2 protein chains.
Amino acid sequence: MKRRDFIKVTGLGVAGAAAVASPAIAQSMPEIKWRMTTSWPKSLDTLHGGAEMMAKMVGEATDNKFQIQTFAAGEIVPGLQVLDAVQSATVEMGHTAPYYYFGKDPTFTFGSSVPFGPNMRINQAWYTLGGGRENLNEFFRSYNVTSLLAGNTGCQMGGWFRKEINSVEDLQGLKFRIGGFAGRVMQKLGCVPQQLAGGDIYPALEKGTIDAAEWVGPYDDERLGLYKVAPHYYYPGWWEGGTMLLAFINLDKWNALPKSYQSVLEQAGHLANNWMMAKYDSVNPMALRKLLAGGTKLHPFSAPIMEASFKAARELHNEVSATNANFKKVYESLTSFSNNSYSWFQVAEVGYDNFMARHSQS
Amino acid sequence: MKRRDFIKVTGLGVAGAAAVASPAIAQSMPEIKWRMTTSWPKSLDTLHGGAEMMAKMVGEATDNKFQIQTFAAGEIVPGLQVLDAVQSATVEMGHTAPYYYFGKDPTFTFGSSVPFGPNMRINQAWYTLGGGRENLNEFFRSYNVTSLLAGNTGCQMGGWFRKEINSVEDLQGLKFRIGGFAGRVMQKLGCVPQQLAGGDIYPALEKGTIDAAEWVGPYDDERLGLYKVAPHYYYPGWWEGGTMLLAFINLDKWNALPKSYQSVLEQAGHLANNWMMAKYDSVNPMALRKLLAGGTKLHPFSAPIMEASFKAARELHNEVSATNANFKKVYESLTSFSNNSYSWFQVAEVGYDNFMARHSQS
């Protein structure tokens, strides 16, 4: 081949490469429209707001090439069937609290919060760098979904009680509206756990069909008006020390995404996660003041109740671990990380928070 | 015009539209290369690692169309001149602790942490939704920079002391290596604050040129080996309750970015922020154990020292507020948000953390 011919051929080669480059751009930024269904009514602007924020960020980052339309609970899928809808690809993704699906397998509980699990920061550190995400996604794979961090409520409240609860004996026979796996710990303590949707709690408490009910924290609780019929407001909600919300994504849809869109989704989840925590930290204080002004009586759970609950939770976790290898594996991963992390957290952080809590006057 | 001609013309029109579409894509995803200089040596894989993570996420999200090259302190700009380099557009952006620039204006302090400022979560909530970002960026505008959230260390330690410090009297004349604005509070308490670079601390403590030194927390401190020459390790570092790291971006460069790239940068900062906090929460526990095994003696600052420090910090903040309108404005925004937020945080969170700290055995 002559040099001139070689150049020609090379020239063609370059042109060919350029012709390939345009489709490559189109492939890396394809126009994609997804649907995300959530477990939340629109009125919960903290939880549903976090899902909307995640979708908005994905649109912004991709110049609206990747659009996610958000649907509230019941619009296309019932609030507690988000997992099923994502698994079957009815929707590409969902925003939910994985512990809602503990009936399928209690291992789901670790995707949100386990009784006496760590606070928000340690739970999130476990998910992010402590093996949580890998452990959970390995488990979620059998449901054909993967997960991303997408929100946190912080430590929740222990709920609303018609009468004061001072001792473990006061829990005997107490009809307590409490969600998910935590109800099984309550059962060990003598309570009768009840499953009720948010809107049914007020009339049940008013009539005395139930004696107590937990929901989230001041801002979300205040809207239900429970303080009017059950004025004793207990803390902390030891079954929700730092509840994570995750985005569930259908695994086939996830794998079909360009790598750049996978990264955009993950980063949008981190922003939404921080937005939601900041939102709770911004709106809960005022809501708590309103509740107190409305006659709410604030109490800590007594030391005997906390200790008995801690013991009951450990027992339950060990019982489930004995028969469920998935649960055992994730429980050991979380507990080991959390115990280790608290050995440092209790030094500077807890001491500083105790001091600052005493010295902050609003 | 014949129908056949019309089709031809339409054909051309479509081809023209396609030709326009390509530049539109090119404009929304232009190839951009930025440089980010940091205040950290590469060996600080927590702080510098956070900057690198932010750059990596921007590349991933944009299919490497937007590339940010990260430089450690001293590679192209000295570690404490990040602001100046970004202001003058020597580099497009930087990763730093804004309080390093308190000599220009103490208002910079609020970009990281102010003595007896809030913990990580509340500081971050203030920046994100409590007016912090708006207040700070309005102030930063006069330096031709804007900021994004890009990391947090959590509550730091109070530092290494050659002798035990029990009373406020023990602080009199103490030569204490302490950075930035906190040194002025220490001065009020009778200390003699010293400015020393990280590498100079060990020999100064060994010779007794200084009596004490603060750095960050267990993981970063352990590398300096200070426990060998000043074994008394105090907590908490009340001048660093939840220190934020920010990305500074030259305002002209920021304004020239496509909106999508601005959004990508912000989201990458949130992921890096969470990665850094998770990294500290993962590695500090083991480092603390190593320090204790090496002979470190852990002490809380005594109540009288904490109270006197709190009083001195308030005095200083009020003095500076009286003559600096920027400082006053941002201080009032932060204090109002923080006091309000702690009124809720102290209920569920602090109680839960106290319980969990007691019940976590590693």
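**Group meeting: a sheet in chain B and the A–B contact**

I'll start in chain B, where strand S1, residues 32-38, and strand S3, residues 93-96, pair in the parallel sense over three bridges. This is a predicted model, so please hear everything that follows in that light. Within the sheet, B:Thr37 stands opposite B:Gly94 in S3(B). As general background, strands of a sheet pair through backbone hydrogen bonds, either parallel or antiparallel.

Now the sheet as a whole. It is an open sheet of five strands in chain B, in the order S2-S1-S3-S10-S4, and the pairing is mixed. Which strands stand at the edges? They are S2, residues 66-71, and S4, residues 145-152, of chain B; each has a single partner strand, so one side of each is left without a neighbour in the sheet. From one strand to the next, the twist averages 25 degrees.

Two helices of chain B to mention here. Helix H4, residues 120-129, lies across S4 and S10 of chain B, and runs at about 155 degrees to S4(B). Helix H10, residues 259-293, lies across S2, S4 and S10 of chain B, at about 30 degrees to S4(B).

Next, the contact between the chains. Chain A puts in 75 residues and chain B puts in 75 residues. On the chain A side, several helices each supply at least two residues, among them H1 (3-28), H2 (47-61) and H4 (120-129). Which helix gives the most to that side? H10(A) does, with 19 residues. By class, the chain A side divides into 35 nonpolar, 31 polar and nine charged residues.

Staying with H10(A), consider how it packs on helix H2 of chain B, residues 47-61: the angle is about 130 degrees and the axes are 7 Å apart. That angle makes H10(A) oblique to H2(B). On the H10(A) side the residues are A:Lys259, A:Ser260, A:Ser263, A:Val264 and A:Gln267, and they meet B:Met57, B:Glu60 and B:Ala61 in H2(B). This helix-to-helix contact has three nonpolar, three polar and two charged residues.

Last, a single residue in chain B. B:Ala322 lies in helix H11(B), residues 303-323. Is B:Ala322 buried or exposed? It has 10 other C-beta atoms within 10 Å, and 12 or fewer counts as exposed, so B:Ala322 is exposed. The C-alpha atoms of B:Ala322 and B:Gly269 are separated by 34 Å, and the two residues are 53 residues apart along the chain.

Key:
Residues numbered from 1 in each chain as written. Chains lettered and ligands numbered in written order. Predicted model: local features only at pLDDT ≥ 70, side-chain atom pairs only at ≥ 80, totals over all residues. Helix = DSSP H or I, 4+ residues; strand = E, 2+ residues; numbered from the N terminus. Buried ≥ 20, exposed ≤ 12 C-beta atoms within 10 Å, placed from the backbone. Contact = placed C-beta atoms within 7 Å. Nonpolar A, V, L, I, M, F, W, Y, C, P; charged D, E, K, R; others polar. Pairing = 2+ DSSP bridges. Axes fitted to C-alpha atoms, helices over the stretch in contact; angles between N-to-C directions. Parallel < 35°, antiparallel > 145°, perpendicular 65-115°, else oblique.
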